[in-house]
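Visitor: Please pick a single part of this model and give me a close look at it. I would like to know what it pairs with and what packs around it.

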Amino acid sequence: MGTADDGDNRKLIAYNSAPNILNRPSEFRCEINRDGPWHKYILFRSDAWSSHTLQQDEKKVGIRSVLTKTETRGPYSRPFTVYFVHTKTAFSVKGVCKRFSDFKELDAKLRKQFKNCPNTFPPDKVFNSMQPEFINDRRKRLQRWLDDVLAIPELAGHQDLHDFLGIGDFNAELRREQEEMEAREQQRVSRSVEDNPEVYLEAIEEAKASGDQIAEAQAFNALGLIYSERGLEEQCMQCLDSAQELCRVRGDRAGMAVVLANKGCAQCLAECPASAAQHF
């Protein structure tokens, strides 16, 4: 078998305490997904929102709303104006149509609950309210008022505002995002144990002793990714080659696919990090 059953294998992959390679020039970053027995690389563009994480300049509010245009509706005898509001968050893009009375109702709701509501809401007008100049000016005033509301965190996080903008699930999405961030942080802290090569060297020996070639392949695969993160390309490839051979012998196609994908990612990180971003 092409795996390292001979005694020299442990010497070939013996732990090297070289520091992690953190300054590789790259347009993407990679993370090791340790869910399940087969650890694997996941690649992200450096400028992407990973799991829709809020960008740094949007963490205060995370909502941007724009009154994009107006439209006249209703019968000829009693026309009215609707305002198209497009709202972007880290989780979605929504569009709604609202009348001036809808904005006025929202302003009244917020004023009842918050003393720091902006006083920039435009006044009512009974006559000549359908003139194009007036409609355009009112749209600008409503935009300013909405910007002022979103600039106040207490108001920007209020459910009435979210329902008005069509993003009623924003707070739930934000809580889910925060929980995911906390979970990722916990995983990062726990990696001090998972990133210890000795853990997987012992797992390899135990798997060999019990004759469990699948477990042995999984341990080789995990160890290879650790070496890849540390910039130890030769040791990484030796481990992944061993994992690949074990999968071939056992006919484990799913495991083989994971190992081959990991080998490709590791080679990109080692040889051509700049061009690799074009393929992921």
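**Strand β4 and its surroundings**

Guide: Take I63 as the starting point: its bridge partner in β4 is T89. The model is predicted, so local features need pLDDT of at least 70 and side-chain atom pairs pLDDT 80 or more, while totals for chains, interfaces and linings use all residues. Residues are numbered from 1 along each chain as its sequence is written, and side-chain values use heavy atoms, without hydrogens or water.

Strand β4 covers residues 80-89. Strands (E, at least two residues) and helices (H or I, at least four) are DSSP runs numbered from the N terminus. Of the 10 residues in β4, 7 are buried, so the strand is mostly covered (buried: under 20% relative accessible area, 1.4 Å probe, protein chains only).

β4 is paired with two strands, where pairing takes at least two DSSP bridges. One partner is β3, residues 63-73, which runs antiparallel to β4 over 10 bridges. The β3-β4 hairpin has 6 residues between its strands, and in it G74 adopts a positive phi near 90°. The other partner is β5, residues 93-99, antiparallel to β4 and joined to it by 7 bridges. On that side F84 has C97 of β5 as its bridge partner. The hairpin made by β4 and β5 has 3 residues between the strands.

S65 gives a view from the β3 side. This residue is found in β3, and its relative accessible area of 0% is why S65 counts as buried. The side chain of S65 makes a polar contact of 2.8 Å with that of T87 (N or O atoms within 3.5 Å, one able to donate a hydrogen and the other to accept it within protein; sequence neighbours count only through side-chain atoms on both sides). Leaving out residues up to four places away in sequence, S65 touches V85, H86 and T87, and also Q143, L146, D147, L150 and L165 (contact: heavy atoms within 4.5 Å).

R138 meets the strand from a helix. It lies in α3, residues 132-150, and counts as buried because its relative accessibility is 9%. Y83 is one of the residues that R138 touches; the others, beyond four places in sequence, are F100, P123, D124 and K125. Between R138 and Y83 there are 55 positions along the chain, and their C-alpha atoms are 10.0 Å apart. A polar atom of the R138 side chain is also 3.4 Å from the backbone oxygen of P123.

For the wider setting, the chain has 11 helices and 5 strands. It holds 280 residues, of which 39% are buried. Among contacts with a separation of 6 or more, 59% join residues 24 or more positions apart.

Helix α8 can be set beside the strand. α8 is mostly covered too, with 14 of its 17 residues buried. D212 caps the N-terminal end of α8, placing a side-chain oxygen 3.3 Å from the backbone nitrogen of I214. Just after α8, G231 has a positive phi of about 80°.

Note on methods:
Buried < 20%, exposed > 50% of the residue type's maximum accessible area, 1.4 Å probe, protein only.
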